[in-house]
Amino acid sequence: MAATAAKRQIPGTTLFDGDMAQKGYALNKMCFSFNHADNRAEFVRDEAAYCARYGLNAEQAEAIRSRDVLGLLAAGGNVYYLAKLAGILGLDVQDLGAAQTGMSKDAFKAMLLAHAKEN
Amino acid sequence: MAKIVGGMFVSHVPAIGGAIARNLQEDPYWKPFFDGFPPVHRWLEEVKPDVAVVFYNDHGLNFFLDKMPTFAVGAAPQYHNADEGWGIPTLPPYDGAPDLSWSLIEKLVDKEFDPVSCQEMLVDHAFTLPLKLFWPQEGTCPVRLVPVCINTVQHPLPKASRCYKLGEAVGEAIAEWDEDLRVVVIGTGGLSHQLDGERAGFINRDFDLAFMESLIHDPQWATQYSIEEIVEKTGTQGVELLNWLGARGALPPTVSKVHANYHIPISNTAAGLLVVGTGE
């Protein structure tokens, strides 16, 4: 049973709550380790071994392997920590945005700009 | 007695650090954002604060999910920035104001807020970049600092009304502080943006502009909303506006607008800037 009841549904949005924080703990802990350059280098040297050392489950390890941003979120990843992984992969938040919305990066950037012109 | 001279509110985005390091202030992408700051620099020259109390949220530099405080107050003699993993330059350390920090902690506990106190505390881009935007000169930041960290990472987040009341207690502590200090309060984060999920890229200009206006004339307006409603209206990271509400709560009800700027986008973020004065 979920630890929290009656969540408000916001389309395309998952609140990072106690359920997600438990589910994603190992994944987020690995990403938190990327604050240190040595750890980033070690991840790059052998991703699978690094994931195994942090105890990622199969869903999390596969989402890392396939660079599946929505999969990482579904597996409990929190974007504040995943951003450190994105840094290693040379991805910025617009790359992440494009990957999650199925847009090209140019289309995603154009969508952001269009918000400036709303009335 | 310590006096609050005003409040400064600004978005924080890691990419701003890269833009500062590469001197991109005049670059067409960045100029509409950086052009907001010269009037703030002139105001700071006039009001000359000694201390800044900064309401911000940590992004996984000092705090992890192993221990996630809802409210944390820095009480260190010095605060260090450090590598956050994405390659922006680390900025020099900041001098603390630990006596004032402890008076805040005393007041907050007396008012039943019960924050975590931190005699060591790394400060991330949400703290360092706003300070660099407000005080762009080389070297160390010219004001002493009191960090107030609010959890915007892991739900349940503190309610908007609670963050505002936290700020009110901070304002009381400053007003009662028996030292001739000039204090500015700072709130960082927001405005509307969402980095994660199929709704990534969400921005809500109308809400942002209404929120900025409310801080001048109707400061508790946003406290009518639940956290879920704020996420719905501003995005999963737009909820960082809780830091703005905390800082606003520390100010007197009546303030005057000094300067405002609003620009879409910086990275995926609607970047807001607001400065208000108390007349002190």
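1. A good place to start is helix 5 of chain B, residues 125-134, which gives the most to the lining of the largest cavity, with three residues. Please keep in mind as you read that this is a predicted model. The space inside that cavity comes to about 80 Å³, and the count of cavities of 30 Å³ or more is three.

2. Who lines the largest cavity? The residues include B:L91, B:P92, B:P93 and B:Y94, along with B:T128, B:L131, B:K132 and B:W135. By character, the lining divides into seven nonpolar residues, four polar and one charged.

3. Helix 5 of chain B turns up again in the largest nonpolar core, which has 68 residues. Helix 5 supplies the largest share of this core, six residues. The residues with the most contacts inside the core are B:M8, B:I16, B:F134 and B:W135.

4. B:W135 deserves a look of its own, since it appears both in the lining of the largest cavity and among the residues with the most contacts in the core. Leaving out residues up to four places away in sequence, B:W135 touches B:M8, B:L44, B:P49, B:A52, B:C141, B:P142, B:V143, B:V184 and B:I186. Apart from this core lies another, of 63 residues, and among them are A:L112, B:V51, B:V170 and B:V239.

5. Next, helix 1 of chain B, residues 14-21, where B:I16, B:G17, B:G18, B:A19 and B:I20 are buried. These buried residues pack against helix 2 (31-34), helix 5 and strand 9 of chain B. After helix 1 comes B:N23, with a positive phi near 55°.

6. Helix 1 of chain B also takes part in the largest pocket: together with helix 7 (79-88) and helix 8 (93-101) of chain A, each supplies at least two residues of the lining. The pocket has a volume of about 760 Å³. Of its 35 lining residues, the closest to the centre are A:D92, A:V93, B:P14, B:A15 and B:S267. The lining divides into 19 nonpolar, twelve polar and four charged residues.

7. Finally, try helix 7 of chain B, residues 205-217. This helix has 13 residues and reaches 19 Å from its first C-alpha to its last, close to the 18 Å expected at 1.5 Å a residue. Its buried residues are B:F207, B:D208, B:F211, B:M212, B:S214, B:L215 and B:I216. An α-helix has 3.6 residues a turn, so residues three or four places apart point the same way. What covers the buried residues of helix 7 includes strand 1 (3-10), helix 8 (227-234), helix 9 (241-249), strand 9 (256-266) and strand 10 (269-277) of chain B.

Key:
Residues are numbered from 1 along each chain as its sequence is written. Chains are lettered from A and ligands numbered from 1 in the order in which they are written. This is a predicted model: local features need pLDDT of at least 70, side-chain atom pairs count only at pLDDT 80 or more; totals for chains, interfaces and linings use all residues. Side-chain values use heavy atoms; hydrogens and water are left out. On a 1 Å grid over the protein atoms alone, a cavity is a set of points where a 1.4 Å probe fits but cannot get out, and a pocket is an open set with protein on both sides within 12 Å along at least five of seven lines; lining residues have an atom within 4 Å of a point. Grid points are joined across faces, edges and corners, and a volume is the space filled by probe spheres set on the points. Helices (H or I, at least four residues) and strands (E, at least two) are DSSP runs, numbered from the N terminus. Ala, Val, Leu, Ile, Met, Phe, Trp, Tyr, Cys and Pro count as nonpolar, Asp, Glu, Lys and Arg as charged, and the others, Gly among them, as polar. A nonpolar core is a set of buried Ala, Val, Leu, Ile, Met, Phe, Trp, Tyr and Cys residues joined through side-chain atoms within 4.5 Å. Buried means under 20% relative accessible area, exposed over 50%, partly exposed in between (1.4 Å probe, protein chains only). Contact means heavy atoms within 4.5 Å. The expected span of a helix is 1.5 Å times one less than its number of residues.
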